[in-house]
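Me: I would like to go through this model with you, one question at a time. Let's start wherever the backbone looks interesting.

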Amino acid sequence: MTSPRKTYIIANWKMNFTPGEASLYLNRLSNRISPSRNVQVVLAPSTVALQPLSLQINRRQFKLAAQNFYWRDYGAYTGETSVAQIRGFVDYAIVGHSERRYVFNESEEDIAQKVAAAIRNNLTPILCIGETALERKDGETKAAIYSQLTNGLHEVSKEDISKVIIAYEPVWAISSNKNAKPAKPSDIAEAELIIREHIAKLYNKQTAEDIYILYGGSVNADTAGGYLDIPGIDGLLIGGASLIADSFCAIVETAKGKNK
Ligand code: PEP
């Protein structure tokens, strides 16, 4: 019997919570979210909280993800933390988030190297892609998605592509943007097809069918269910709503209800 496809619910806590606050918050979530075989809950705290949280979590209940890291493993890179240094604490690594691309000017090459570094260190990269409002207005959504996939995955071999998760996060829908507006399910369904079509071109049809694609952008407890109903969407990446225990727990419950 083949195991059912998992649903991923990933919490991006961004630059919130001290390690002590993160620990208390994890405790609250632990009391309310029971382990599930079908729903994988992944928490992405700040780098400084990864080590203490890795000692605190029940790995059957939660996994941890890095929000950021430098792609070289060791060396004279003052102020940086490598994936080799944190790989004992985490199972996943978020790469290419729009705040890294547009606030910190991460290049496509940086992103490709980070994806490769995560795989080299046995972590699952969650590659975030998505068009800006301007690209969408100019009819360049497909081109933006193609380009971010081609560039971000250019170091990933046919053997390793099954280790990658894609998160479609249109920049205009992410709540940290001034004029953020939630994406319509039809926008997401269209992007999901574009992503699978391009993965088929870069790799093959089977890989395109198998790859996990998540959605992220202003998801909350009221909208999560509708987004999870979109065919081909395997889970959600959640920023703002993941910082509120009631909202986040409700989203996890919704995912469990849909993937029994
Ligand atoms: C994000 O930053 O990845 C994100 C999806 O944030 P929000 O849910 O707050 O839009």
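Me: Is Asn 105 buried or exposed?
Reply: This is a predicted model, in which local features need pLDDT of at least 70, side-chain atom pairs count only at pLDDT 80 or more, and totals for chains, interfaces and linings use all residues. Asn 105 lies in the loop between helix 4 (98–102) and helix 5 (108–120); helices (H or I, at least four residues) and strands (E, at least two) are DSSP runs, numbered from the N terminus. Buried means under 20% relative accessible area, exposed over 50%, and partly exposed in between (1.4 Å probe, protein chains only). At a relative accessible area of 60%, Asn 105 is therefore exposed.

Me: What is the phi of Asn 105?
Reply: Residues are numbered from 1 along each chain as its sequence is written, and side-chain values use heavy atoms, with hydrogens and water left out. Asn 105 is not a glycine, yet its phi is positive, at about 55 degrees.

Me: Which residue in the loop between strand 1 (7–12) and helix 1 should I look at?
Reply: One residue in that loop has a positive phi of about 50 degrees although it is not a glycine. Its relative accessible area is 18%, so it counts as buried. The residue in this loop is Lys 14.

Me: How many residues surround the ligand?
Reply: Lys 14 turns up here too: the closest residues are Lys 14, His 97, Ser 175, Ser 218 and Gly 240. A residue is near a molecule or strand if one of its heavy atoms lies within 4 Å of it. The shell divides into 3 nonpolar, 8 polar and 3 charged residues, where Ala, Val, Leu, Ile, Met, Phe, Trp, Tyr, Cys and Pro count as nonpolar, Asp, Glu, Lys and Arg as charged, and the others, Gly among them, as polar. The number of residues that surround the ligand is 14.

Me: How much of the ligand's accessible area does the protein cover?
Reply: Oxygen atoms of the ligand make polar contacts (pairs of N or O atoms within 3.5 Å; within protein, one must be able to donate a hydrogen and the other to accept it, and residues adjacent in sequence count only if both atoms are side-chain atoms). The side chain of Ser 175 places an N or O atom 2.4 Å from a ligand oxygen, the side chain of His 97 does so at 2.7 Å, and a backbone N or O atom of Ser 218 lies 2.7 Å from a ligand oxygen. Accessible areas come from the Shrake-Rupley method with a 1.4 Å probe; for residues, only the protein chains shown count as cover. Of the 290 Å² that the ligand has on its own, the protein covers 99%.

Me: Why are the buried residues of helix 1 on the same side?
Reply: Helix 1 (residues 19–32) has Ala 22, Tyr 25, Leu 26 and Leu 29 as its buried residues. They are on the same side because, taking the directions from the helix axis to the C-beta atoms, they cover an arc of only 105 degrees.

Me: Which residues are exposed on the other side of helix 2?
Reply: The buried residues of helix 2 (residues 47–56) are Ala 49, Leu 50, Leu 53 and Ser 54. These cover an arc of only 135 degrees around the axis, which means they sit on the same side of helix 2. Exposed on the other side are Val 48 and Leu 55.

Me: How far apart are the C-alpha atoms of Leu 53 and Ala 180?
Reply: Leu 53 belongs to helix 2, and at 0% relative accessibility it counts as buried. Along the chain, Leu 53 and Ala 180 are 127 residues apart. Their C-alpha atoms are separated by 31 Å.

Me: What is the separation of the C-alpha atoms of Asp 110 and Asn 151?
Reply: Asp 110 lies in helix 5 and is partly exposed, with a relative accessible area of 27%. Asp 110 and Asn 151 are 41 residues apart along the chain, and the separation of their C-alpha atoms is 9.9 Å.

Me: How far apart are the end C-alpha atoms of helix 8?
Reply: The expected span of a helix is 1.5 Å times one less than its number of residues. Helix 8 (residues 185–202) has 18 residues, so it should span 26 Å. The model agrees, as the end C-alpha atoms are 26 Å apart, and the value is 26 Å.
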